[in-house]
Amino acid sequence: MKRAAVLALLPVLAAQGLWVRARVPRLPEADGPRRGRLGSGAPLRVLILGDSSAAGVGVAMQDDALSGQLAARLGSTREVTWDLRARSGATTAQVLAEVQSAADLGRFDVAVVGLGVNDCKNGVPLARWVAQSCTLYDLLRTKCGVRLICASALPPMGDLPALPRPLSTVMAARAAVFDAALIGMVEQMPDLRRVRPDIAITAQVMAADGFHPGPLVYAAWAEAVAAEVGTLV
């Protein structure tokens, strides 16, 4: 969407943003363990970083969220040790700072990164987000020894039931720009994968707030990550 059109819509977008904040229920993060070990076989260490979706908002328990479903899939053939570090509202800059300062992060084979939505909706400039993402990926390699980074694609925000038009149209356009930038990073980094759940986004598969994933979306997300991890020797 052209910048002039967005500027003309700013009063409407601001009003709709306030409406969404007032009307959309604030769901809690999923309950349950955020680290553990599962399965048998060759060891595999997985670090999961991100925002509310990575934290499991939209389902009651971590078993039904990304971390639990991913651990279950990977644990069918490997001894998986996983560590989930995610929280609602997190931006890439915040997660980067937390990884930089963390004294208790161990070594991992795989990092799953679910970030970008808050940067996108908070107005973080694209170039800044790309630079922060690249710095985060480099840090995961050097500090944690990560050999594979699975970065989640930006969701199709125009399909999210919680967002009215034209807000959804503007957010979808901005998310598409961010997602294209992620594709560009993938082309430059052999160990980086863009992961996108193979599922259509409808009200039936989303959480009650119409914004976060439901169990079926988390399952598709975990399946997509597991497919990429399966290529790791």
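This is a short walk through a structure, stop by stop, with something to select at each one. Keep in mind that you are looking at a predicted model.

**Stop one: α2 and its surroundings**

Select residues 66–74, which form helix α2. This helix is mostly covered, with seven of its nine residues buried. Colour Leu66, Ser67, Gly68, Gln69, Leu70, Ala71 and Leu74 to pick out the buried ones. What do they pack against? Show β1 (35–38), β2, β3 (79–86), β4 and α7, and you have the elements that the buried residues of α2 pack against.

**Stop two: α2 across α7**

Keep α2 on screen and add α7, residues 215–229. The two axes come within 8 Å and cross at roughly 45 degrees, so α2 and α7 count as oblique to each other. The crossing of α2 past α7 is right-handed. To see the contact, show side chains for Leu66, Gln69, Leu70, Arg73 and Leu74 in α2, which meet a set of α7 residues including Pro215, Tyr218, Trp221, Glu223 and Val229. Sorted by class, this contact has 11 nonpolar, one polar and two charged residues.

**Stop three: the loop before α7**

Now pick Ile201, in the loop between β6 (192–195) and α7. Is Ile201 buried or exposed? It counts as buried because its relative accessibility is 17%, and the cut-off for buried is under 20%. Leaving out residues up to four places away in sequence, Ile201 touches Pro156, Asp159, Leu160, Met206 and Val217. Try a distance label from Ile201 to Pro213: they sit 12 residues apart along the chain, and their C-alpha atoms are separated by 8.8 Å.

**Stop four: α3 beside α5**

Move on to α3 (92–101) and α5 (126–144). Their axes come within 9 Å and cross at roughly 25 degrees, which means that α3 is roughly parallel to α5. Here α3 passes α5 in a left-handed crossing. On the α3 side, select Thr92, Ala93, Val95, Leu96, Val99, Gln100 and Ser101; their partners in α5 include Trp129, Gln132, Leu136 and Lys143. The contact of α3 with α5 has seven nonpolar, six polar and one charged residues.

**Stop five: α5 and α6**

Hold on to α5 and bring in α6, residues 167–188. The axes of α5 and α6 come within 11 Å and cross at roughly 40 degrees, so α5 is oblique to α6. The crossing is right-handed. From α5, the contact uses Leu126, Trp129, Val130, Ser133, Cys134 and Tyr137, and from α6 it uses Val177, Phe178, Ala181, Leu182 and Met185. By class, those residues are 10 nonpolar, one polar and no charged.

**Last stop: the cores**

Which residues touch the most other members of the largest nonpolar core? Select Trp129, Leu136, Tyr137, Leu140, Met157 and Leu192, out of 41 residues in that core. Elements giving two or more residues to this core include β2 (43–50), α4 (117–121) and β5 (148–152). The largest share, seven residues, comes from α6.

Zoom in on Met157. Setting aside neighbours within four places in sequence, Met157 is in contact with Val117, Cys120, Leu163, Ser168, Met171, Ala172, Ala175 and Phe211. Apart from the largest core lies another, of 29 residues, and to find it you can select Ala54, Trp82, Val110 and Val195, which are among its members.

Methods: Residues are numbered from 1 along each chain as its sequence is written. This is a predicted model: local features need pLDDT of at least 70, side-chain atom pairs count only at pLDDT 80 or more; totals for chains, interfaces and linings use all residues. Side-chain values use heavy atoms; hydrogens and water are left out. Axes are lines fitted to C-alpha atoms, for helices over the stretch in contact, and angles run from 0 to 180 degrees between N-to-C directions. Helices (H or I, at least four residues) and strands (E, at least two) are DSSP runs, numbered from the N terminus. Angles under 35 degrees count as roughly parallel, over 145 as roughly antiparallel, 65 to 115 as roughly perpendicular and the rest as oblique. A crossing is left-handed if the near helix is turned anticlockwise from the far one by less than a right angle, and right-handed if clockwise. Contact means heavy atoms within 4.5 Å. Ala, Val, Leu, Ile, Met, Phe, Trp, Tyr, Cys and Pro count as nonpolar, Asp, Glu, Lys and Arg as charged, and the others, Gly among them, as polar. A nonpolar core is a set of buried Ala, Val, Leu, Ile, Met, Phe, Trp, Tyr and Cys residues joined through side-chain atoms within 4.5 Å. Buried means under 20% relative accessible area, exposed over 50%, partly exposed in between (1.4 Å probe, protein chains only).
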